[in-house]
Structure formats: structure tokens, C-alpha cells
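The following account leads through the fold of one protein, from its sheets to its helices and its ligand site. Please keep the sequence and the structure in view while reading.

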Amino acid sequence: MTPTIAANAGPSASLEVKCGKKLTIGILALQGDFEAHARAFANAGAYSVPVRKPTDLTGLDGFVMPGGESTTMLKFLERDCFIEMLKELLSTTPCFATCAGCILLAREVLSPTQPSLGLLDVTVERNAYGRQIDSAVIIEETELSGGPLEMVFIRAPRITRTGAGVEVLARRDGSPTLVRQGHLLAATFHPEMTADVRVQNLFLDLVCAHKLIRERSLLEGTKHASEKKRVHEKQRASHTLAQSTRKLLSVR
Ligand code: GLN
């Protein structure tokens, strides 16, 4: 019997309230199913912008790398230092990568080997479940609450190794299909192709939490800096006082 899929949570109305401001999600729009991601994030109540060139990489709270053809995306990314700038951004900014995006984010890519951003500590094997004809839809229980999740696989990669810091949230035949490593979330399937926005909501929660942490540490940094300035000024004042006292003494 086919398990029933839980009704999705729908637009995350509390998102702006939780985060204190609108979140901007950049979606890599060079090739692949970036439009489906934009629709899914709109359904989840989030604002997104397409990213086509390095200068589009500013002012983003989160970033999405869609499914498509990783080799084609790499060709575009290898121009104008795009890949270097993206790597720099994603070393601190939350990223949600699906299928080809997951391949781009992985530390090691096999079958065949190809360059990648190397930020997510996993090894992926491209097209590991066969060709287009072997695409599949699987409905499985996952670590997400709300019942079984529909997972659409299209020429999907298989995650064959996960590093110690990688949490597995869903599997297919024992292999991880949804993983998280700190601010990075990656799926070998296509959550943007179903009406269920639980994976998008999970990512938006991650973006929101990350933003709050960053703002707090910035605030603490500012507090720390003004405290340092105050101590420095005090030291300077007592130094000036000591100097003028010395001067006064030497005059006498
Ligand atoms: N097979 C593709 C690749 O290697 C990924 C397929 C997908 O994103 N659906 O890039």
C-alpha cells in the first residue's frame, strides 16, 4: 500500500516574525530547475532572487544550487572567478543543494571525477542509480516530522561516504539522500518537484537561525570593540597624565 503523504506545512507565516526581517534566498540560475526552486520557496513564503553572475552574490541570507547538469553548471562557474566567490560565500552562508547542486557542493565526486566546491564532507557517485529511464519516486519515512516524504530521483547521484560532521536525515536503500552539515543542506532527490515544502522549511529555519547567530556575534563584536576602545582611551589618558606629571616634575 502506498503511504499517504502528509499535508505540507504551507507558507511559513512566522518566518518574518521569527527572523525579524524578510530573508533573501539566492538561487543559482545558470542551468537546471532553478524556476521550480523559486516556486517552491514562494510556496514556503520566502523571497528569492536569481543568481547569474558573481555580482549577484551580495545581500543573500541563503543560497540554493538546483538540480540540472553539474558539468554544464561548472562550465559557467569557471568564468570570472565565479566559483571562487561562491566558495567564499558558502563557507559561511547557508546553502541548500539538490542533485547536481549536491554534486557541486561535495568534497569528492566520482564516476567520473570532477572539480567541485568541496565544502560538504561527502563523496558522491554521479548517475549511480542508472540513466534517465531509471528515475524514480520513492515515499519513505525520514527524520522530518509530519509523515513519509515523497522523494523524486532523476539521474541521481549516490552519497557513498559521509564525514563525521554530516547528519543523515533521509535514506534510499540505506544510502543517504538528505544530509546536513552545519549550515549546508543537500539532497540527492528533488524536493522542489513536489508540493511538500518541509525540506524548504527546514532550510529556511536553518537560514533564520544562522542569521540570528550572526547578528548576535556581530553585536557582541561591536560591544567587545567599544569596550576595547574604552580601555584603550583610559590607558591613553593615564599615559598622558603620567607624561605631563613627569614633565612637571622635571621642570622643578
Ligand atoms: N546527473 C546529473 C549530474 O551529474 C544530476 C541530475 C540532476 O540534477 N537531476 O549533474
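Two strands are taken to pair if DSSP finds at least two bridges between them, and strands themselves are DSSP runs of E of at least two residues, numbered from the N terminus. With that in mind, β11 and β12 form a hairpin with two residues between them. In the turn of this hairpin, Gly 182 has a positive phi of about 55 degrees. The model under discussion is a predicted one.

The protein contains six helices and twelve strands. Of its 252 residues, 35% are buried. Among contacts with a separation of 6 or more, 66% are between residues 24 or more positions apart.

The hairpin described above belongs to an open sheet of seven strands, whose order is β2-β1-β3-β4-β12-β11-β10 and whose pairing is mixed. Its edge strands are β2 and β10 (167-172), each of which pairs on one side only. On average, neighbouring strands of this sheet are turned by 20 degrees against each other, direction ignored.

The pairings within this sheet can be followed from the β10 edge inwards. Strand β10 pairs with β11 (residues 175-181) in the antiparallel sense, over five bridges. Within this pair, Arg 171 has Pro 176 of β11 as its bridge partner. These two strands also form a hairpin, with two residues between the strands, in which Asp 173 takes a positive phi near 45 degrees. Strand β11 is in turn joined to β12 (residues 184-187) by four bridges, and the two run antiparallel. Here the bridge partner of Leu 178 is Ala 187 in β12. Elsewhere in the sheet, β1 (residues 24-28) and β3 (residues 62-65) run parallel and are joined by three bridges. Ile 25 stands opposite Gly 62 in β3.

Helix α2 lies across β1, β2 and β3, and runs at about 160 degrees to β1. Which residues of this helix are buried? They are Phe 34, His 37, Ala 38, Ala 40 and Phe 41. These residues cover an arc of only 165 degrees around the axis, which puts them on the same side of α2. Just after the helix, Gly 45 takes a positive phi of about 85 degrees.

The loop between α2 (34-43) and β2 (47-51) holds Ala 46. Why does Ala 46 count as buried? A residue is buried if 20 or more other C-beta atoms lie within 10 Å of its own; Ala 46 has 26 C-beta neighbours inside 10 Å, and therefore counts as buried. Leaving aside neighbours within four places in sequence, Ala 46 is in contact with Leu 15, Leu 23, Ile 25, Phe 41 and Leu 204. One of these, Phe 41, is among the buried residues of α2, while Ile 25 is the residue that stands opposite Gly 62 in β3. The C-alpha atoms of Ala 46 and Lys 22 are separated by 7.8 Å, although the two residues are 24 residues apart along the chain.

A further open sheet consists of three strands in the order β5-β6-β9, again with mixed pairing. Strands β5 (106-110) and β9 (158-162) stand at the edges and have a single partner strand each, so one side of each is left without a neighbour in the sheet. Neighbouring strands of this sheet are turned by 25 degrees against each other on average, direction ignored. Strand β5 pairs with β6 (residues 120-125) in the parallel sense over four bridges, and the bridge partner of Glu 108 in β6 is Thr 123.

Helix α3 (residues 70-77) has Ser 70, Met 73, Leu 74 and Leu 77 as its buried residues. Seen down the axis of α3, these fall within an arc of 105 degrees, so they line one face of the helix. The elements that cover them include α4 (82-90) and α5 (100-105).

Ser 70 of α3 also appears in the surroundings of the ligand, together with Gly 67, Gly 68, Glu 69, Cys 99, Ala 100, Ile 103, Arg 126, Asn 127, Ile 154 and Arg 155. By class, this shell has four nonpolar, four polar and three charged residues.

Technical notes: Residues are numbered from 1 along each chain as its sequence is written. This is a predicted model: local features need pLDDT of at least 70, side-chain atom pairs count only at pLDDT 80 or more; totals for chains, interfaces and linings use all residues. A residue is near a molecule or strand if its C-beta atom, placed from the backbone, lies within 6 Å of it. Ala, Val, Leu, Ile, Met, Phe, Trp, Tyr, Cys and Pro count as nonpolar, Asp, Glu, Lys and Arg as charged, and the others, Gly among them, as polar. Axes are lines fitted to C-alpha atoms, for helices over the stretch in contact, and angles run from 0 to 180 degrees between N-to-C directions. A residue is buried if 20 or more other C-beta atoms lie within 10 Å of its own, exposed if 12 or fewer, and partly exposed in between; C-beta atoms are placed from the backbone. The arc is that of the directions from the helix axis to the C-beta atoms. Two residues are in contact if their C-beta atoms, placed from the backbone, lie within 7 Å.
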